[in-house]
Amino acid sequence: MFGSLARGEWTQGSDLDWTLLVDGQVVGEHADIAHRIADIVQGDKKTPGPTGVFGGLTFSHDIVHFIGGDDDTNTNTTRRILLLLESKSLGDDTVRERVLRAVLSRYVGEDLLYHEPSKYYVPRFLLNDYVRYWRMMAVDSAQKRRERTAKWALRNVKLRLSRKLIFVAGFWACLSCRFNPSADLKTSREKDNREGVRADMTDFLFSFCQQSPLETVASAFIRYEAWDAAKRSFDAYEDFLKILDDPGERSRLEELKTADAMSDDTFKRAKKDAEEFQEGLTKLFFETDNALTSMAQIAGVF
Amino acid sequence: MRFIGFSTGALALGDFGLALNMLRDFNTKAVELSALRDHEVDPLMSALPALDLHGYSYVSVHAPSAFKTLTEDEVAARLTPCIDRNIPVVIHPDVIQNPGCWRRFGQLLCVENMDKRKRTGRTANELEYFFSELPEATFCLDLGHSRQIDSTMSETRRILRKYGQRLRQIHFSEIDAQGHHHGATLATILTTRSIVDLIGSEVPVIIESQISSSEIARELAVVRHALEPSTDPTREGAIKDWGEDYH
């Protein structure tokens, strides 16, 4: 599952984004299983969004082998990045873990063909995909605004808060390989061991897949003891969740027309939350530590 | 020099005599005598004194993978001739319910990591219990199993970091989704080479590929190639370090 339930941010109005992740031999019955799951979810009136990204089958081979290029469709990229940044298994996590490790090993392993292990600090292939996805979400949001004005305000708020949160989590996970690596990763780097760095960076990055984006971003604030910045961002995010958890406020955002947004109190409150959330992140990445700032500028922009 | 050989059960299930005959012309220096089904233990132990194993530098025995006609204690008792002959006994940890009956084997007991069909013994963490109960036991790394659990080989590296000092032998094969052993493909070769640096050259390798006699020579060559030290692509000069514009 994905979305707010996977992130641990479930609110009353949340829907259920899910996929049946298949990693292995072709079995025709998988489609039947997916239909049965869809029926159950529909029965609870929590159907996934209308984009078609969720609510069906996802095949690990597409996720792992199609990274970049024409075969890496918008849907495939979305599934892969959200699998990395905000997914949880309902039950046994074996398949999800196996696929995530294969994906991460690909990102890291291919980078390592072009770097000395001792100098391989940040997984740029992965980071670039996270940045690409973040920009893609923002551009798609503009496109959806053009195609459908329904729920524009809610989508806008989510983009600036929960969507941005998962991007920042992924961004920090990549930078952590430089600024806060595991002991094993440090050792493999010191030994200039290519396979060791590949395995240990894969392990390290996978550890971020096993915690919520909020926990990951919190770890960044903690690393730099940026308490004021943390308070700004997390207080804002908590208020955002309160808005979503209030049926009246949520439906207000869902029904709000673009022309009325700037004068609506709920939207103005959510907009303020988005600005405060960003302010905390800006302080963390650009006003706390010179090395972090330098890396965030280079890796995030170029 | 690394000793490479076959599991008799892979070549001829239940017929170790036939398998040994199949291997006679190949000058392999390692062999694992299989008693994978518990009714095969007695015939193997009875034949052991008379088997011509002089050409082998390394001999092990594979204990049954399930206890159906005998109890665990009975199997352990029937395998004790291996102790007198200093022959390691490879065992699947998921069948161990009474570790006490295996302690007499000491370092000759060789615990193998399991595939995804089994309920335990598949990862470094899951193996910890067995080595704590059997502190003298050694370790059989099954590369097919560990690759099935994690195709990136990170778990294999973790297993070797934790139990590498206990490493007694390697099982080599390719495992399909149903857990069947096949001859090695290029994918298996490549992933094996990625962890070769963690396996000493003195560790014997037992091939578990279920192949015919006409494929033995090829499989031996493939396994030898898979276990050659990995070649660093950048040191070959094919790929240069692009460098970093930041550190």
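Q: Glu112(B) is buried; what salt bridge partner does it have, or how far away is the nearest side chain of opposite charge?
A: Start with the rule for pairing. A salt bridge needs a side-chain nitrogen of Lys or Arg within 4 Å of a carboxyl oxygen of Asp or Glu. This is a predicted model, and in it Glu112(B) is buried without a salt bridge. The nearest side chain of opposite charge belongs to Lys118(B), 7.6 Å away.

Q: Where in chain B does Glu112(B) lie?
A: Look for the element first. Glu112(B) is part of strand 5 of chain B, residues 109-112.

Q: Which side chains make polar contacts with Glu112(B)?
A: Histidine is not counted as charged here, so look at polar contacts separately from salt bridges. The side chain of Glu112(B) has a polar contact of 3.3 Å with that of His92(B). A polar contact of 3.4 Å joins the side chains of Glu112(B) and His145(B).

Q: Which residues is Glu112(B) in contact with, leaving aside neighbours within four places in sequence?
A: Contacts beyond the local sequence show the surroundings. For Glu112(B) they include the histidines His62(B), His92(B), His145(B) and His171(B). Val90(B), Ile91(B), Pro93(B), Gly121(B) and Leu127(B) are also among them. Cys140(B) and Asp142(B) are on the list too.

Q: Which residues of helix 10 of chain B are buried?
A: Read the burial pattern along the helix. In helix 10 of chain B, residues 216-226, the buried residues are Ile216(B), Glu219(B), Leu220(B), Val222(B), Val223(B) and Ala226(B). Viewed down the axis of helix 10 of chain B, these buried residues fall within an arc of 165°, so they line one face of the helix.

Q: How many residues are in the largest nonpolar core, and which have the most contacts inside it?
A: A core is read as a joined set, then by its best-connected members. The largest one has 83 residues. Leu84(A), Leu175(A) and Phe285(A) have the most contacts inside it. Helix 7 of chain A, residues 152-179, gives the largest share of this core, with 18 residues. Separate from it is a second core of 69 residues, including Ala76(B), Val95(B), Trp102(B) and Ala184(B).

Q: What is Leu84(A) in contact with, leaving aside its neighbours within four places in sequence?
A: Take one core residue and list its contacts. Leu84(A) touches Leu100(A), Val103(A), Leu104(A) and Tyr107(A), among others. Leu126(A), Tyr130(A) and Cys209(A) are also in contact with Leu84(A).

Q: How many salt bridges does a search of the whole structure find?
A: Begin with the total, then take pairs. The search finds 36 over all chains. One pair is Glu86(A) and Arg163(A), with the closest N and O atoms 2.9 Å apart. Glu86(A) sits in the loop between helix 4 (74-85) and helix 5 (94-112) of chain A, while Arg163(A) is in helix 7 of chain A. The pair links distant parts of the chain, 77 residues apart.

Q: Are the partners Glu86(A) and Arg163(A) buried or exposed?
A: The cut-off for buried is under 20% relative accessible area. Glu86(A), at 3% relative accessibility, counts as buried. Arg163(A), at 16%, counts as buried.

Q: Which helices hold the pair Glu276(A) and Arg232(A)?
A: Check the geometry, then the elements. The side chains of Glu276(A) and Arg232(A) meet in a salt bridge of 2.9 Å, N to O. Glu276(A) lies in helix 13 (residues 265-287) of chain A and Arg232(A) in helix 11 (residues 227-245) of chain A, so the pair ties together parts 44 residues apart in sequence. Arg232(A) is partly exposed, at 29% relative accessibility.

Q: Which residue forms a salt bridge with Arg122(B)?
A: Read the distance and then the accessibility. Arg122(B) pairs with Glu126(B), the closest N and O atoms being 2.7 Å apart. Arg122(B) is partly exposed, with a relative accessible area of 22%. Glu126(B) is partly exposed, with a relative accessible area of 22%. Elsewhere, salt bridges that share partners join Glu97(A), Arg101(A), Asp203(A), Glu155(B) and Arg158(B) into one network.

Q: Where does Glu225(A), with phi near 50°, lie?
A: Look at the sign of phi and the residue type. The phi value of Glu225(A) is positive, in a residue other than glycine. Glu225(A) lies in the loop between helix 10 (213-223) and helix 11 of chain A. Glu225(A) is exposed, with a relative accessible area of 56%.

Definitions and conventions: Residues are numbered from 1 along each chain as its sequence is written. Chains are lettered from A and ligands numbered from 1 in the order in which they are written. This is a predicted model: local features need pLDDT of at least 70, side-chain atom pairs count only at pLDDT 80 or more; totals for chains, interfaces and linings use all residues. Side-chain values use heavy atoms; hydrogens and water are left out. Buried means under 20% relative accessible area, exposed over 50%, partly exposed in between (1.4 Å probe, protein chains only). Helices (H or I, at least four residues) and strands (E, at least two) are DSSP runs, numbered from the N terminus. The arc is that of the directions from the helix axis to the C-beta atoms. A polar contact is a pair of N or O atoms within 3.5 Å; within protein, one must be able to donate a hydrogen and the other to accept it, and residues adjacent in sequence count only if both atoms are side-chain atoms. Contact means heavy atoms within 4.5 Å. A nonpolar core is a set of buried Ala, Val, Leu, Ile, Met, Phe, Trp, Tyr and Cys residues joined through side-chain atoms within 4.5 Å.
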